[in-house]
Every structure is written in structure tokens, then in C-alpha cells.
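Visitor: Could you walk me through this one and show me how each label is earned?
Guide: Sure, pull up a chair and have a look.

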Amino acid sequence: MKINIKRLNDDYHMEAVNDNGNSLEMDGSPEIGGHNLGMRPMQLLLAAVGGCSAIDVIMILKKQRQTITSFEVEVDGENEKVEEHKIWKDINLHFKITGKVDEKKALNAVQLSMDKYCSVSMILNPTANISYTVSVN
């Protein structure tokens, strides 16, 4: 896997492109001279854990023949400064699932993702307290 990051302006606006040609934009906060033209790298970590777990949960529920009509994950994080950098201290994911979905199956799918399958949560787990809630219909 390869990601190419290219600076787009004279400040911190950048574009990341993967080897399939998919891209996303990043930028720094206005406090450091950024212009909010893209997500910040720390925000991308929250998006990554939400996206990774969403893929797992949808895959598991599809295998169980559950019919999903709407699926959202709201990720909320609190970071803290450690020396000169920040880490995610607390992360909460709220899964909002609508459709013909058994609530117990949805909860089990989320638990499997968070405890076993989601690589991003496994990476963040040593420094972050990761919790989740599930709402069905």
C-alpha cells in the first residue's frame, strides 16, 4: 500500500492519494496557519476508526441476512496533550442502524468489530478508552 501526499498551497493544505487514485484533503487548524480546507490528521484517525468498524458491522449483518436501510456512525473523541504531542484519550462510537435488523445481532456485530476485527481500533486501543453505543431503528 502506498499513499502520496502533495502540498497544495503555501501553508498546510495537502492532498493524499492512494494507489487506486482515491484522494482526501488535509489541512491544519487556523491557530497554526491552516485554512480548514480539509480534515486534520487527528480527525482522520476518528474517521478511520468509524469507517473501519462500519465496514465490519455492515459485513457481519449482511452475512446474517439483516436488511439495513440506513447506517451511520457518530464518532466523538477527546484528546490530551502528552509531552509535545496529543493522543486520543476517550473515543465513543454511536452506531445508528435502521432497517429490518435484530438489535441483538447488531450489538453483537459491533462488539465483534471493536474487540476482534477493526484494525484501527486495535491500533488506538493502547492509548484510548474506546466505548460504543448502538441504536437500532
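What follows is a chat about the labels used for this predicted model and the values behind them.

Visitor: Let's begin at the start of the chain. Why is Met1 called exposed?
Guide: Exposed takes over 50% relative accessible area. Met1 has 93% relative accessibility, so Met1 counts as exposed. You'll find Met1 in the segment before β1 (3–7).

Visitor: Which residues form a nonpolar patch with Met1?
Guide: Met1, Ile3 and Ile5 form that patch on the surface, and together they have about 400 Å² of accessible area.

Visitor: What makes β1 hardly covered?
Guide: A residue is buried under 20% relative accessible area. Among the five residues of β1, the count of buried ones is zero.

Visitor: How do you know that β1 and β2 pair?
Guide: Two strands pair if there are at least two bridges between them. β1 and β2 (residues 14–18) have five bridges, in the antiparallel sense. Look at Arg7, which stands opposite Met14 in β2, and at Lys6, whose bridge partner in β2 is Glu15. The two strands form a hairpin, with six residues between them.

Visitor: And what is the order of the open sheet with antiparallel pairing?
Guide: That one has three strands, ordered β1-β2-β3.

Visitor: Why do β1 and β3 stand at the edges?
Guide: Each has a single partner strand, so one side of β1 and one side of β3 (23–26) are left without a neighbour in the sheet. As for the twist, the average is 20 degrees from one strand to the next.

Visitor: Which strands form the sheet with mixed pairing?
Guide: Those are three strands in the order β4-β5-β6, again an open sheet. The edge strands there are β4 (67–82) and β6 (129–136), as each pairs on one side only. From one strand to the next, the twist averages 15 degrees.

Visitor: How do you know that β4 and β5 pair?
Guide: Same kind of test: at least two bridges are needed. β4 and β5 (residues 85–100) are joined by 15 bridges and run antiparallel. For a spot to zoom in on, Glu78 stands opposite Asp90 in β5.

Visitor: What lies across these strands?
Guide: Helix α1 (residues 41–63) lies across β4 and β5, at about 30 degrees to β5. Helix α2 (residues 103–117) lies across β5 and β6, and runs at about 160 degrees to β6.

Visitor: Why is Ser113 called buried?
Guide: The cut-off is under 20% relative accessible area. Ser113 has a relative accessible area of 0%, so Ser113 is buried. Ser113 lies in helix α2. Leaving aside residues up to four places away in sequence, Ser113 touches Ser53, Asp56, Val57, Cys118 and Ser121.

Visitor: What makes the contact of Lys96 and Glu74 a salt bridge?
Guide: A side-chain nitrogen of Lys or Arg has to be within 4 Å of a carboxyl oxygen of Asp or Glu. For Lys96 and Glu74 the N to O distance is 3.3 Å, and their side chains meet in a salt bridge. The pair links distant parts of the chain, with Lys96 in strand β5 and Glu74 in strand β4, 22 residues apart.

Visitor: How many salt bridges does the structure hold?
Guide: Just one.

Visitor: Why are Lys96 and Glu74 called partly exposed?
Guide: Partly exposed sits between the two cut-offs, under 20% for buried and over 50% for exposed. Lys96 has 31% relative accessibility, so Lys96 counts as partly exposed. Glu74 gets that label too, because its relative accessible area is 46%.

Visitor: What is the phi of Glu83?
Guide: Near 55 degrees, a positive value in a residue other than glycine. Most residues other than glycine have a negative phi. Glu83 is in the loop between β4 and β5. With 67% relative accessibility, Glu83 counts as exposed, since the label needs over 50%.

Visitor: And what about the phi of Asn137?
Guide: Asn137 isn't a glycine, yet its phi is positive, about 60 degrees. Asn137 lies in the segment after β6.

Visitor: How do you know that Asn137 counts as exposed?
Guide: Asn137 has 61% relative accessibility, so Asn137 counts as exposed.

Methods: Residues numbered from 1 in each chain as written. Predicted model: local features only at pLDDT ≥ 70, side-chain atom pairs only at ≥ 80, totals over all residues. Heavy atoms only, no water. Patch = residues over 30% accessible without salt bridge, like charges linked within 9 Å, V, L, I, M, F, W, Y side chains within 5 Å. Areas by Shrake-Rupley, 256 points an atom, 1.4 Å probe, with all protein chains shown as cover. Helix = DSSP H or I, 4+ residues; strand = E, 2+ residues; numbered from the N terminus. Buried < 20%, exposed > 50% of the residue type's maximum accessible area, 1.4 Å probe, protein only. Axes fitted to C-alpha atoms, helices over the stretch in contact; angles between N-to-C directions. Contact = heavy atoms within 4.5 Å.
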